[in-house]
Structure formats: structure tokens, C-alpha cells
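Subject: Structure for your files

Dear colleague,

Here is the structure I said I would pass on. Please look it over before reading the notes beneath it.

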Amino acid sequence: MAGIAIRHVEKSFGRAQVIHGIDLEVRDGELVVLVGPSGCGKSTLLRMIAGLEGVTGGEIAIGDTVVNDLPPRARDIAMVFQDYALYPHKSVYDNMAFGLRMRGSPKAEIDTRVNEAAEILQIGHLLDRRPGQLSGGQRQRVAMGRAIVRRPKVFLFDEPLSNLDAQLRGEVRVEIKKLHQRFGTTIVYVTHDQVEAMTLADRIAVLRGGRLEQFATPYDIYNRPASRFVASFMGSPPMTVVPAAISADGHHIALQDGTSLPIPEARRPTVQAASGRPVALGLRPEHVRPGEARDAGDVAVDARVEVIEPLGSETLTWLTIGGRSMTGRFPPEQAVQPGQTVRVTLAMSRMHLFDGETGAAIAA
Amino acid sequence: MTALPKPKSMVWLAALVVAANGFFPALWVLFTSFKTEAELMRLPITIWPASPTLDNYVRVFVDQPILTFLFNSFMVALLSTVLCVTVSACAAYALVRLRVPMPNLILSVLLAVAMFPLISLMIPLFQTMRALNLLNTWPALILPYAVLSMPVCTLVLISFFQDIPRDLENAAMIDGCTRLGALWNVVLPLTAPGVFTAGILAFVNAWDEFLLALTLSPRVASRTLPVGITLYQGEFSFPWPIISAALIVAIVPISILIAVLQERVVGGLTQGGVKG
Ligand SMILES: Nc1ncnc2c1ncn2[C@@H]1O[C@H](COP(=O)(O)OP(=O)(O)OP(=O)(O)O)[C@@H](O)[C@H]1O
Ligand SMILES: [Mg+2]
């Protein structure tokens, strides 16, 4: 078992630099999820940890060992690939046993470990089959089995669930969480599915264009996003972010059509510095509710309903407020119709403010 | 499937023409090998031997050391095939997987080499082998045969290697293989049909080759089959039936060998399939 230290790592392919100096400290036993839009360098970073890609600059350490110059086989890691990468010419048993065989484990131990892993993953009845004879979900389990039999220091997952259907994905997600709780092995997990990121991670690293945008717990990523990018990337439906301006005294925030919203007392000191500058106001859908203001800091405004999406447990409602479109989460029993004008409450105490130019969060 | 637009009989006819064109000479040789010389010269021409005889086969083994020729041919073809496939596999792998500069240029050069007329290489090859003191030895043929088949083998293997997902090798390397280990444990088993195809090409090229063999290895004891068979020809006679029998002896064992190997390799593979 070991943590991973990524120290100012850079990566270029030819002249194109794709990782621009990332620092990341994964603690021993931690499950860290790398998220970010397509092409932001998640896989590249993971493959550098695995040793499948060289490092152009900086340093990667697993435990106390700097592994920059170690080949993958010497890093004591296991990896689950998006397309599983099972050996098609080997049986399920041999797929799982291969890594142990290559390391010269005694036959009896291989047998014990493979059977143990097969039992945990409920694939005992598939051991004689070839990967070609398995369903997607079964292959996925075999791929995980191949990783866990080796008992490596670190597990690396590259979008392991993206080829499964939604229901199976949910099941296997829980399975992965169980495995992590059971073995307590350090895991680095790449996904672009934010539900996976939120549910699995001890900490989430949000990457953007080869840079680390924020590295924090799922709670902080969701509730204290460091930037407008993180705020709109995590959360479904995403946070509504609209351009706005703060009054000179820092008591009001004005939307572009002139609608002026009072800023709650508690937030005033921190936003004062941004007064007079363009900012962006962010509100999560759950902070846009129907009805009149109830709590301190709430502001009630009139809104026009554009589209409703009933989900059963709630109704997502697309509204026009202050000339801008915003999303609200309404209780399902709230009967609203498109075209209607309704009274909605903005929980201004939960608002997020971002610098209008850099997108960086203005301290909450 | 939608109905074929042309009647099936046309397809059969076409197939028959192609097959007859390919097989008739071989069958003719086979039938001739069981005829007496007198029958062959008689009119009207017979196709089926009137009174089949094995005399020609006896003569094949008695008149000349054909077993030596067979052995020479087999060893030269086998060793040149092994050498050729090994080098071609490394080259193809490097071109597909490793970041070799200008892979397309390298491929074009390979192809250009394959276009070289053999005859233009003969004198330099002869001088080289003489200087190396290799004339009338197996290596005199093994080396050029391996090189001559390399371009086509490399091309065949490239197309097979390209179908292997990179992550399969990555998985093997994480599982404890070196890159060569991954090539051996994962890539080669999965590309066995390609390796086999390349091997057959190299083997048959070497087995059939006449010009170089005649030039570089003319001594009777070191002759390969194609050159050895010329010895059945007398100064004033050309015993067709005996030469036909020798040809059959040259063709049959190798055909059987290839058929058996193919059965094994292909049979073992249909279960796998990279796409799974
Ligand atoms: N071998 C390579 N050669 C050149 N460029 C590469 C190579 N591999 C990746 N890249 C580039 O590096 C960038 C990051 O790629 P990477 O695969 O890490 O993205 P990702 O975040 O995993 O995206 P996705 O979510 O689509 O998997 C991309 O712009 C990609 O084009
Ligand atoms: Mg990726």
C-alpha cells in the first residue's frame, strides 16, 4: 500500500504540451477520481502513473519510490482499461492468473487467489470461458478480478464503466466502492461521469486543459467550487451562471437587464472587493425554489416558466429570470405550466460569485 | 442476404475455369508420372495413364540423391523462413507500435526492395558468397532467401499487428511482461494466422527458388530440389515421366505439411478473436 505523489508533472507529445505542470498528492488508501472534459489529459495522467507514457517533466512517486524511470511491471500497480483489454486467447482463469504467473507465484497460491477473487466478484462459474464468450458486465468483472488478484499497491481505473448500460453501471459502481472498502488500496479512477466522481471519490481532481482546476472532497467540489468551470462541470443539471455586477456599496448585485438583488448581510464583506467589476452569479438549481422567501437572504422574484422536465422525484424547471435562463428544482406536486409566470425564491445566501474575467471563485 | 442478381451457374462456371487453369498442369504432371515414356509419346494423347506404373518413382530415388535434395531444400527453406519471420516480425512491430521516425518512408523503401529484379542481384550475391566462402553451403541460400521474402512478410505482419489493441499489450506490461514478453505472450498468439501466412510465403518462395540456388549452390551434394531435378535430364534425353515423378515428390510432402499446420493454427484460433 502506498500513496502517490505527482510533483509538477508535465507531458508533451512532440511539440504539443498536454499536461502543464500538475501537482497532486494521493494519500495511502485514498480513492481519487480524475474528472474533466474530453481531451483534458485524464488518461494521459493515469498512464503516466502506470508507466505506459513517459513523463516529460516533473516527478511521480508511488510510496517512497520515484517511478519516473521504472517500467510498468516494476511499479506494482494494476489497471482496469475502458475496453477491459482481456487476453482473448486465454481463459478467464488464465487472464486472472497471468500477472501472478509472470511474477513466479507458486501454483497453489495462484489458485487460491484466483478463486478468492472469482468468488468476491461472483465469476466463479465463468473461469473456463474465453473473454469472447462473456457479456460486457462479466468482462468488466474479469478485468477487475485480474487487477485484484495481484494485490498491487495501487489500482488505476480508466473509465471502467463507460461501456456498460446505465443500470449495470450503477451496480458495478457500488461493487467498486465495496472493493475499495474491503481492500483499502489506493485507487486513481478516471471518469467523465460526474455521478461516478461524486459517489466514489474521497477526493476529486478536476482537470481542465492539462491543468489541475481543483482538488478537494466531493462536498467541497460541489459546495465550494474554486472556479466557474468546476461549478458548471459538476452537478446535474449544472449550476446556472449569469453575468452580473456588484453595486459600489456591495449591498446589491445587478443582473444584466437591471434586476437588482440584495446580497445577504453575511456575504457583503467578501464581495465588496469585487464591486464595480464584472462578475458571474451562480445558483444551483436546488437554490431556485417556487414560492415566497422564507429564510434570511432569500429573494423572491417573478419568473416565466419555459420548459418543465418532470423526473418523478422532482421537476426540473427552466425559467427566465432577469432576462436570463435559470434552472430550478421544484417539488413534483408543484403544478407549473410552460408560459406561466410564477413566483420563485433565490437562496442568495447560497449564491456563488466568480470573477467575470478569470472565472475564479470570489471567496464565499 | 438479398438474392444474387446472376444465376449461380455463372459463378460455378467461373470457378471451374479458374480451378481448371490452376489444377490442370498439376494434374497433368501427376498423371504423367505414372505413364511410361512410350505412352507419353504415343498418339492419340491419353490423359489417364493406360497402364499405370511406379517405375518412374523408383528411378527418381535410384538415379539421383533426391533425399539429399529434399533435405537441403527443407533445411534451407525452414531456416530462411525462421530468420525471415523473426526479423520481419520485429520490423513490423517496430513500425506499428514504436515511435519509429518516418514509418511510411521505411515502408516505401521496403516495397522498393521487393521490386528489385532478382537477376540484377545475382552477380553481387555470387561475389559476396564467394568472398565469404559460403558457396555451396546452406547459408549461401538461407541469407538471400530470408532477405528476399522480408518485404512481403513485413507487410503481411504489419496488417495483423495493427489489429491488436494497444491496451492488450499495456495490460500485459502491467501484468509483469517486458515489451518483448508482451509481444511473445499476447501479440504473437493473437497474430498467429498472420505469422503463419508470412511463414508460408517465405517457405514457398525458398522452396521454389531456382536461379539463386543454381548459381550459389551448384554442387550436387548441396543442391536444392529445383536444381537437383535438372540432373534427371540426360545429355540427349528428357525423361518427362521421371521428372514429373520427381516434381510430385517435391510438391506432395510440402503440401501436406502446410495443410496440417494450417489446420492446427487456424483451429486453435477461431476460439479467440481480438474483438471478443
Ligand atoms: N499518443 C498521443 N500522441 C499525441 N497526442 C496525444 C496522444 N495521446 C493523447 N494525446 C492528446 O493529449 C490530450 C489528452 O488526451 P487524453 O487521452 O489524456 O484525454 P482524456 O482526458 O483521457 O479524454 P477522454 O475523456 O476523451 O478519454 C488530447 O488532446 C490528445 O489528443
Ligand atoms: Mg481518456
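What follows is a summary of the interface, one sheet and the salt bridges. Please keep in mind that this is a predicted model.

The interface

Chain A and chain B touch through 26 residues on the side of chain A and 22 on the side of chain B. Together they bury about 2000 Å², and carbon and sulfur atoms give 61% of that area. On the side of chain A, the residues that lose the most area to chain B are A:Arg73, A:Pro88 and A:His89, which together make up 27% of what that side buries.

As for specific pairs, nine residue pairs are in polar contact across the interface of chain A and chain B, counting pairs with both residues at pLDDT 80 or more. Which elements of chain A give two or more residues to the side that touches chain B? They are α1 (42–50), β6 (77–80), α2 (92–102) and α4 (136–149). Of these, α2(A) gives the most, with four residues. Sorted by class, that side of chain A has 13 nonpolar, four polar and nine charged residues.

Three salt bridges are counted between chain A and chain B. In one of the salt bridges, the side chain of A:Glu53 meets that of B:Arg99, at 3.6 Å from N to O.

The sheet in chain A

Chain A has an open sheet of six strands with mixed pairing, in the order β6-β7-β8-β3-β9-β10. Its edge strands, β6 and β10 (211–216), each pair on one side only. From one strand to the next, the twist averages 15°. Strand β6(A) also appears in the list of elements that give two or more residues to the side of chain A touching chain B.

At the other edge, strand β9 (residues 203–208) of chain A pairs with β10(A) in the antiparallel sense, over five bridges. Within this pairing, A:Val206 has A:Gln214 of β10(A) as its bridge partner.

Salt bridges overall

Over all chains, the structure holds 25 salt bridges. Among them is the pair A:Arg7 and A:Glu59, whose closest N and O atoms are 2.5 Å apart. A:Arg7 lies in strand β1 (residues 4–13) of chain A and A:Glu59 in strand β4 (residues 57–62) of chain A, so this pair ties together parts that are 52 residues apart in sequence.

Regards

Conventions: Residues numbered from 1 in each chain as written. Chains lettered and ligands numbered in written order. Predicted model: local features only at pLDDT ≥ 70, side-chain atom pairs only at ≥ 80, totals over all residues. Heavy atoms only, no water. Contact = heavy atoms within 4.5 Å. Buried area = accessible area lost by both parts, 1.4 Å probe. Salt bridge = Lys/Arg side-chain N within 4 Å of Asp/Glu carboxyl O. Polar contact = N/O pair within 3.5 Å; in protein donor to acceptor, adjacent residues only side chain to side chain. Nonpolar A, V, L, I, M, F, W, Y, C, P; charged D, E, K, R; others polar. Pairing = 2+ DSSP bridges. Axes fitted to C-alpha atoms, helices over the stretch in contact; angles between N-to-C directions.
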